[in-house]
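Open the model in your viewer and keep the sequence panel visible. The stops below say what to select and what is found there.

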Amino acid sequence: MLTDITKNPFKYLFFLVLLFYVFCYGPYGIEEGDMGSIFGISWSMYNGYFPHRDFVYIKPAFSPFFHSLPLYITEDYAYLINRYLYFIQVFVYSYLATVISFCYLKLPKKHLFFIATIAAVVSVHNYAPMPWNTVDGIFFSVIGLYFVIKNKQKWWLISLGAFFLFLGALCKQSFYFFPIIVALFLLFQKKNKTFTILAVSGVLFTATYLFIFWWNDALDAFINQMFSFTTGSSLINTGIKSYYLAVKFHLLQIVIAIVAIWLAKKYLNGSVSYTISNAFIVLVFLWLYYNNQSLYYSAKYGIVHLFWLFGLIYALYRCLNDSKNIILVVLFALAWCASISNGYNTPIDFSLPMVITLALFFTSGTLNIKTWNTAVITILYLGTFFYGYQHPYRESHRSELNYNLGEVFPRLKGIYTSKDRYEKFNELNDLSQEYENFTILPSMTLGHYITNTINPIGVDWVFNHHLADQLEGYKQMLSDKNLTVFIENFENHQDNYEESSLLTVYVVNNWKLIEKRKHFRVYQKP
C-alpha cells in the first residue's frame with residue numbers, strides 16, 4: 001500500500017481532494033436564486049408536474065428530473081445530496097476526459113491523476129455546490145464520449161454511449177451540438193460502423209423522447225419554450241462574439257504573452273516554463289478573487305476564452321502532425337458548448353482540454369513532467385482556490401457563515417450561512433406557518449421544498465424570459481388560485497431581481513399589501 005502511494009501519489013490525492021471539497025466546502029453558503037433554480041423544478045416534478053405542459057421551462061428538462069432522483073430516496077436530505085453530487089460530477093468528468101485523452105494520445109499514465117486533479121480543481125470553483133444544467137450536460141456528454149471511444153467493437157456499449165450523449169443534450173440547448181460533433185469525429189476517423197450505431201441509436205432515443213412528450217400533450221409547449229429565449233442570437237453572442245471580443249480587448253496582453261512564450265521556449269527548459277505559465281494563471285485567478293469577482297466573472301474579462309483559444313490553436317497544430325490529436329479538438333468543442341449561455345458564458349467549467357494542452361505545449365508533446373513540477377503546481381492551485389473560497393458564491397465571508405440553517409428548516413440541515421440570510425430564512429418559516437396557499441416571487445427557488453409545500457404555479461424562477469411569453473397566463477393563475485404572494489425585498493440586494501420580473505411588478509402594483517417585514521412583503525388579491 002505504502003509503495004503504491006509513493007509510486008502514484010496523485011491517484012490518492014485526487015480522491016482526498018474530492019472528499020475535502022465535499023465535506024469542507026460543500027456545507028458552506030447558500031443563495032436564494034441560482035442555488036435552487038434546478039432543484040426547485042425537481043421538487044415540482046417530484047410532486048407530479050409535467051415539464052412544459054404544467055409549467056414553463058425554457059430548457060430541456062432532464063437536469064431537474066435527474067436531480068429529483070434523490071427525492072425518491074429521502075426528501076429531507078435530497079438537496080444536501082445534490083450539493084455533494086456537484087463535486088462528484090466535476091471530478092468524475094474531469095477524470096474520464098483525462099482517461100479518454102491519455103488513451104487516445106498514448107500519453108504516460110503516471111501523470112493521468114495529476115492532470116485530472118488540476119482540471120477538476122480549476123473547473124469545480126466556478127459554481128457554488130448546486131444542481132446546474134451546464135455541469136450535467138458536460139457530465140453526461142463525457143460519459144457518452146467515453147463509452148463511444150472506449151468500446152468500438154461492442155454495439156450495445158456504443159448505443160449506451162449514444163444514450164448518455166442524448167441525456168447530455170437534454171440538459172441544455174447548447175449541448176445539442178455535441179452528439180453531432182462526436183458523429184463527425186467518427187466519420188473523420190473512418191469509424192463507419194460506430195457512426196452508424198451512434199446515429200441509429202440517437203434517432204431512436206430522440207423519437208422516443210418526442211413520443212413521450214406528445215403522449216403527455218406537452219410536445220408543442222416543449223418546442224415553443226425551447227426557442228422562446230435561447231435563439232440564434234444567443235449562439236452568436238456567447239458562442240462566437242464573446243471569443244472575438246476576448247481577442248479584441250486583450251490585443252496588447254496577447255502580444256506580450258506571445259513574446260513571453262517565445263522567450264520561455266527559447267531560454268528556459270520545459271519544466272520551468274510549465275511551472276511559470278501555471279503561476280501566471282494562478283496570479284490571474286488571484287487578481288479576480290482579490291477584486292472579489294470570483295471566477296463567476298471571468299467571462300467579463302474574456303480571460304478564460306483566451307486560454308481556450310490558445311489551447312484550440314495548439315491542438316489544431318498538433319493535428320497537422322498526427323490526426324489522433326483530433327480528440328483534443330472534440331474536447332475543446334465540448335467546452336465551447338458549455339460556454340454558450342446567457343447567464344455564464346465561459347468554457348472554464350470543462351477545463352481539462354486547456355489544462356492538458358498547456359502541459360503538452362511546454363513539454364514538447366511528451367508530457368514529461370517532473371515530480372517537483374506536479375507538487376508546486378498542485379500547491380499553487382489548491383492554495384489559490386482556498387483563498388478564493390473565502391467568499392463563497394454570493395455569500396458573506398467564510399468566517400461569517402456560522403449559522404446552521406437546519407435549525408430553521410430541517411431540510412437545510414448541515415448548511416451554514418450568514419446571520420442576515422439566516423434571519424431571512426427564519427422569516428420565511430414564520431410566514432409559511434402563518435399563511436396557507438402561497439407562492440414566492442421572484443426567486444426564492446428553494447422556498448416550497450424547504451417549507452414542504454407544493455408550488456401552486458409550478459415554477460420558482462419567474463423572470464420574464466423564464467415565463468416564455470406566458471405572463472398573462474401566470475397573472476390569471478395567481479388570481480384563479482387565490483394565492484397569497486410573498487415578495488422578497490430587494491432594496492439592499494446586489495441584484496434587483498424584482499425589476500426583471502413583470503409578474504412581480506404586476507403583483508406589487510395591483511394587489512393589496514397585507515404586511516411588510518424586513519425581508520418579505522405579503523400580498524393578496526384585492
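Select Y146 to begin; this residue lies in helix α7, which covers residues 133-150. The model is a predicted one, and the values given along the way are computed from it. Is Y146 buried, partly exposed or exposed? Its relative accessibility is 22%, so Y146 counts as partly exposed; the limit for buried is under 20%. Now add D136 to the selection. Y146 and D136 are separated by 10 residues in sequence, and their C-alpha atoms are 15 Å apart in space.

Next, select helix α13, residues 251-267. V259 is found in this helix. With a relative accessible area of 42%, V259 is partly exposed. Keep V259 selected and add V255, W262, L263, Y267, L268 and I276: together these residues form a nonpolar patch on the surface. The accessible area of the patch comes to about 700 Å². Which helix gives the most to the patch? Helix α13 does, with five residues.

Move on to helix α23, residues 502-510. Colour L503, T504 and V507, which are buried. Turn the view until you look down the axis of α23: the buried residues fall within an arc of 100°, so they line one face of the helix. What do these residues pack against? Show two strands, β3 (438-441) and β4 (484-488), then helix α22 (471-480) and strand β6 (520-524); the buried residues of α23 pack against these four elements.

Finally, clear the selection and show the whole chain as a cartoon. Its secondary structure comes to 23 helices and six strands. The radius of gyration is 24 Å, close to the 24 Å that the globule rule gives for 526 residues, so the chain is as compact as a globular protein of that length. Measured out along the principal axes, the C-alpha trace spans about 75 × 55 × 50 Å.

Switch to a surface view. The chain exposes about 22,500 Å², and carbon and sulfur atoms supply 63% of that area. Of its 526 residues, 58% count as buried. For a last look at how the chain is put together, consider contacts between residues with a separation of 6 or more: 72% of them are between residues 24 or more positions apart.

Technical notes
Residues are numbered from 1 along each chain as its sequence is written. This is a predicted model: local features need pLDDT of at least 70, side-chain atom pairs count only at pLDDT 80 or more; totals for chains, interfaces and linings use all residues. Side-chain values use heavy atoms; hydrogens and water are left out. Buried means under 20% relative accessible area, exposed over 50%, partly exposed in between (1.4 Å probe, protein chains only). The arc is that of the directions from the helix axis to the C-beta atoms. Contact means heavy atoms within 4.5 Å. Patches are made of residues with over 30% relative accessible area and no salt bridge: like charges are joined within 9 Å, nonpolar side chains (Val, Leu, Ile, Met, Phe, Trp, Tyr) within 5 Å. Accessible areas come from the Shrake-Rupley method with a 1.4 Å probe; for residues, only the protein chains shown count as cover. A salt bridge is a side-chain nitrogen of Lys or Arg within 4 Å of a carboxyl oxygen of Asp or Glu. The radius of gyration is taken over C-alpha atoms; the globule rule is 2.2 Å times the number of residues to the power 0.38.
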